[in-house]
Amino acid sequence: MSSIIALKDKKMVHVIADTQTTTRINKKNHLEDSNLKIFKAEGINDCLIGKVGYVKEKSVLSNVDFGLKHLDDVTFNDVVRIILPKMLEALESQNRTKNTENETLGTTIIVLKEKIYQIDYTMAVSEINDYVAIGSGLEIVNGVLKSNKNKNSKERIIEAIEAVSRFNDGVSAPFIYYNTKEMKMEIIGEEKENVNDNSDKI
């Protein structure tokens, strides 16, 4: 299970994710770049992608070159006409789409500059005006973000994911945080010890 939250403010998007992967009853926290649930998109300027679902899907998408470096801005139409087809092509090449209705097994968010896009498991694309949470604990995130509006954006999403981790054993620290202004990863919280390493779901 996973939790990824993206929150807009006037200057940037803040995004945070847990680091736990789960296989049946086995759980492990990952801080290796290849296993993180948020990654920098290849071929798109200052863009982050967050993925919940299966580890292999995330691994496939993190190696896609979207070929949009020439664009200063990525629009909703660019996501629908260029990014989504490239994602589907990459997933299909690795047999990572379902046979019925062309559905993948997870949800994706794309954040860049001051924009958030969500691609759900049906491949529907939405532009998000305020915040989005994917994975576990959506009701908890909604409650926290509605109650802590007096705090800054970074504090708000940290509080939200910490709340999810308290009530959902599929989500745990350490968390990884980015914002689209600095594009630098920050690790928040302490790493858990777990000897099992057979994870295939994020």
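The following legends describe close-up views of a predicted model.

**View 1. Span and start of helix H4.** Helix H4 comprises the 15 residues 153–167. At 1.5 Å a residue, a helix of this length should span 21 Å, and the end C-alpha atoms of H4 lie 22 Å apart, which agrees. At the start of H4, Asn152 places a side-chain oxygen within 3.2 Å of the backbone nitrogen of Lys154.

**View 2. Buried residues of helix H4 and their packing partners.** The buried residues in H4 are Ser153, Arg156, Ile157, Ile158, Ala160, Ile161, Ala163 and Val164. Four strands and one helix receive them: the buried residues of H4 pack against strands S1 (3–8), S2 (13–17), S11 (175–179) and S12 (186–188), and against helix H3 (138–147).

**View 3. The second largest cavity.** The count of cavities of 30 Å³ or more comes to two. The second largest cavity holds about 30 Å³ of space. Its lining is formed by Ile44, Asn45, Leu71, Asp72, Asp73, Val74, Leu112 and Lys113. By class, four residues of this lining are nonpolar, one is polar and three are charged.

**View 4. Asn77 in helix H2.** Asn77 belongs to helix H2, which covers residues 76–93. The relative accessible area of Asn77 is 40%, and because this value falls between the limits of 20% for buried and 50% for exposed residues, Asn77 is classed as partly exposed. Asn77 and Val125 are separated by 48 residues in sequence, and their C-alpha atoms are 9.7 Å apart in space.

Key: Residues are numbered from 1 along each chain as its sequence is written. This is a predicted model: local features need pLDDT of at least 70, side-chain atom pairs count only at pLDDT 80 or more; totals for chains, interfaces and linings use all residues. Side-chain values use heavy atoms; hydrogens and water are left out. Helices (H or I, at least four residues) and strands (E, at least two) are DSSP runs, numbered from the N terminus. The expected span of a helix is 1.5 Å times one less than its number of residues. Buried means under 20% relative accessible area, exposed over 50%, partly exposed in between (1.4 Å probe, protein chains only). Contact means heavy atoms within 4.5 Å. A polar contact is a pair of N or O atoms within 3.5 Å; within protein, one must be able to donate a hydrogen and the other to accept it, and residues adjacent in sequence count only if both atoms are side-chain atoms. On a 1 Å grid over the protein atoms alone, a cavity is a set of points where a 1.4 Å probe fits but cannot get out, and a pocket is an open set with protein on both sides within 12 Å along at least five of seven lines; lining residues have an atom within 4 Å of a point. Grid points are joined across faces, edges and corners, and a volume is the space filled by probe spheres set on the points. Ala, Val, Leu, Ile, Met, Phe, Trp, Tyr, Cys and Pro count as nonpolar, Asp, Glu, Lys and Arg as charged, and the others, Gly among them, as polar.
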